[in-house]
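Have a look at the model below and turn it around a few times. We'll go through its hollow spaces, its cores, a sheet and a couple of odd backbone spots.

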Amino acid sequence: MNGLVPSEGTPLLIGGKLVPGSAGVFATVNPATEEVLGHAANASAADLDAAIAAARTAFDETDWSRNHAFRANCLRQLRDAMRAHVEELREITIAEVGAPVMLTSGPQLEGPIGDLSFAADLAETYAWETDLGTAVQMGITSRRVVRREAVGVVGAITPWNFPHQINLAKIGPALAAGNTVVLKPAPDTPWCAAVLGTLIVEHTDIPAGVINIVTSDDHQLGAQLVADPRVDMITFTGSTQTGRAVMAGASATLKRTFLELGGKSAAIVLDDADIVGAVSYTAFSVAVHAGQGCALTTRLLVPRASYDAAVEAAAKALANLRAGDPTKPGTICGPVISERQRDRVERYLDIAREEGGRIVVGGGRPGDKERGFFIEPTLIADLPNTATVAQEEIFGPVLVIIAHDGDDDAIRQANESPYGLSGSVWGADPDRVERVVAGVRTGTLSVNGGLWYHADAPFGGYKHSGIGREMGVAGFEEYLETKLVATPA
Ligand code: NAD
């Protein structure tokens, strides 16, 4: 279908070579049509073993980790190769991820390609050494220098919802920092990762073994990567449940673990806000990419006195956003990724009904589509913040609207969650807004519609939403060790 995808399926990248998988191939499916798009190499445990060995050798036996300018150049080559093939990548992204075409000019494709510049620039400009000056200890005067060095071999495990964004937000900084990488993408979106292998081999000077890409339909390969003693660090994005397994699996080898996990973020609307504007914006945002975004504000906390008006505004916004064909320029809500994911969303809608929730709009599959894993944008009202659908991550286009009794109660309810990834605050009085910003325990916050997503902006979670930060200088430093060297002065 596409110049980047061979008819026999996409290959693995191991030790600088594009190779077939020892476990054969597995299918990748278009979630908007349910058609099999084609196949991807299915890696075996032995293939992953070879990929880890290649990454270890490349780290231990080349000067990759010390040649900062070379790494910057390699990352720019990858960025430029992706740009040169952006239309083929767009086609794959829409077909395999079900991503609305509109999003591919932003965070689903072109945004993260551009963000490689930030990582490349950091490889060149980062202060790799800091001189602490001299100090006297037990009569000896020493000059102390802090050096930052790559951690080593990084295992990167990624989900399917924003595959380019997440793959590149890991590969870019990890390589820029001087590490070597084994990338294991989600089984649902193998092509988005595998085509990087082809572009790397054909268009960059990245040395053999520096990056290895291992597609598989077996989640166990993730666990194998986590457990392997040759891997120094795991960078993981996915569900909180899997994140726990990753942390436990990494404990035997005391690996550094960097975790970007789930969310159930709250949008807080204060009583002096433009309530209809804030509610409409929030409802719209929850339908973007069928709600498959970890940082979406899927709990909407509105003043009790305005509850009915807010429900009406949210319902109006969501009713206008029909789930549709992701290839159409006007679509913002495409399909969810799989039948399994659609079943999961529908199960949550049943739970909402059982717990006494009112489905104001949506509530199931669109009547006009016989194929594709679509769910209508849905609004659930009349449930407390303690309800299952307000506490658990649904990962579908589902908004729960909840009443609050003033600023303190809104902060309390926003924090009454195991998660702490993101959120928003809407209000006119800067002092009240600031109190809410200070009170909410999350890694990112939007005030009155401000956008926090950018290459230089650290992103990540408090509480069960993760450990560490992706992107920004903080995201780069996750991939660095600290070595202090003291010399008599
Ligand atoms: P998932 O946790 O099911 O899978 C993520 C990855 O982990 C996949 O590559 C999978 O093969 C692998 N995996 C599965 N079991 C494993 C194990 N035992 N050990 C190691 N690896 C294993 O997540 P998903 O369904 O692919 O993605 C959706 C989830 O990702 C949501 O919870 C969402 O909130 C989260 N997410 C978080 C962020 C963030 O930055 N915080 C961003 C995007 C998605």
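The second largest pocket in this predicted model has a volume of about 220 Å³. Which residues line this second largest pocket? The lining is made up of Phe 59, Asp 60, Ser 65, Arg 66, His 68, Trp 128, Glu 129, Arg 147, Arg 148, Glu 149, Ala 150 and Ala 177. Two elements, α1 (45-61) and β6 (140-150), each give two or more residues to that lining. β6 gives the most, with four residues.

Now for the spaces that are closed off. The count comes to three cavities of 30 Å³ or more, and the largest of the cavities has a volume of about 160 Å³. It is lined by 15 residues, and Asp 115, Ala 119, Leu 168, Ala 169 and Pro 173 are the closest to its centre. If you want to find the walls by element, go to α5, α6 and α16 (472-477), which each give two or more residues to the lining of this cavity. α5 gives the most here, with six residues.

Here are the two spaces side by side:

| Space | Volume | Top contributor to the lining |
|---|---|---|
| Second largest pocket | about 220 Å³ | β6, four residues |
| Largest cavity | about 160 Å³ | α5, six residues |

Next, the greasy parts. How many residues does the largest nonpolar core have? It has 54, and the ones with the most contacts inside the core are Met 82, Leu 89, Leu 175, Ile 211 and Phe 476. Plenty of elements chip in: α2 (68-84), α3 (86-97), α5 (110-125), β7 (153-157), α6 (163-176), β8 (180-184), α7 (190-203) and β9 (211-213) each supply at least two residues of this core. The largest share, seven residues, comes from α7.

Let's zoom in on Leu 175. Leaving aside its neighbours within four places in sequence, Leu 175 is in contact with Trp 64, Arg 71, Leu 75, Val 181, Ile 206 and Val 210. There is also a second, separate core of 37 residues, and among its members are Ala 267, Ala 273, Ala 310 and Ile 332.

On to a sheet. Seven strands form an open sheet with mixed pairing, in the order β14-β15-β16-β13-β12-β18-β19. At the edges sit β14 (358-361) and β19 (446-447), each of which pairs on one side only. Inside the sheet, β13 (residues 299-303) and β16 (residues 398-404) pair in the parallel sense over five bridges. You can spot Pro 303 standing opposite His 404 in β16. Helix α15 (residues 430-439) lies across β12 (266-269), β18 (423-426) and β19, and runs at about 165° to β18.

Last stop: two odd backbone spots. Most residues other than glycine have a negative phi. Phe 395 goes the other way, with a positive phi of about 60° although it is not a glycine. You'll find Phe 395 in the loop between α13 (388-391) and β16. Is Phe 395 buried or exposed? Its relative accessibility is 15%, so Phe 395 counts as buried, because the cut-off for buried is under 20%.

Asn 448 is no glycine either, yet has a positive phi of about 50°. Asn 448 is in the loop between β19 and β20 (462-463). With a relative accessible area of 41%, Asn 448 is partly exposed.

Conventions. Residues numbered from 1 in each chain as written. Predicted model: local features only at pLDDT ≥ 70, side-chain atom pairs only at ≥ 80, totals over all residues. Heavy atoms only, no water. Core = buried A, V, L, I, M, F, W, Y, C linked by side-chain atoms within 4.5 Å. Buried < 20%, exposed > 50% of the residue type's maximum accessible area, 1.4 Å probe, protein only. Contact = heavy atoms within 4.5 Å. Pairing = 2+ DSSP bridges. Axes fitted to C-alpha atoms, helices over the stretch in contact; angles between N-to-C directions. 1 Å grid on protein atoms, 1.4 Å probe; cavity = no way out; pocket = protein on both sides within 12 Å on 5 of 7 lines; lining within 4 Å. Points joined across faces, edges and corners; volume = space filled by probe spheres on them.
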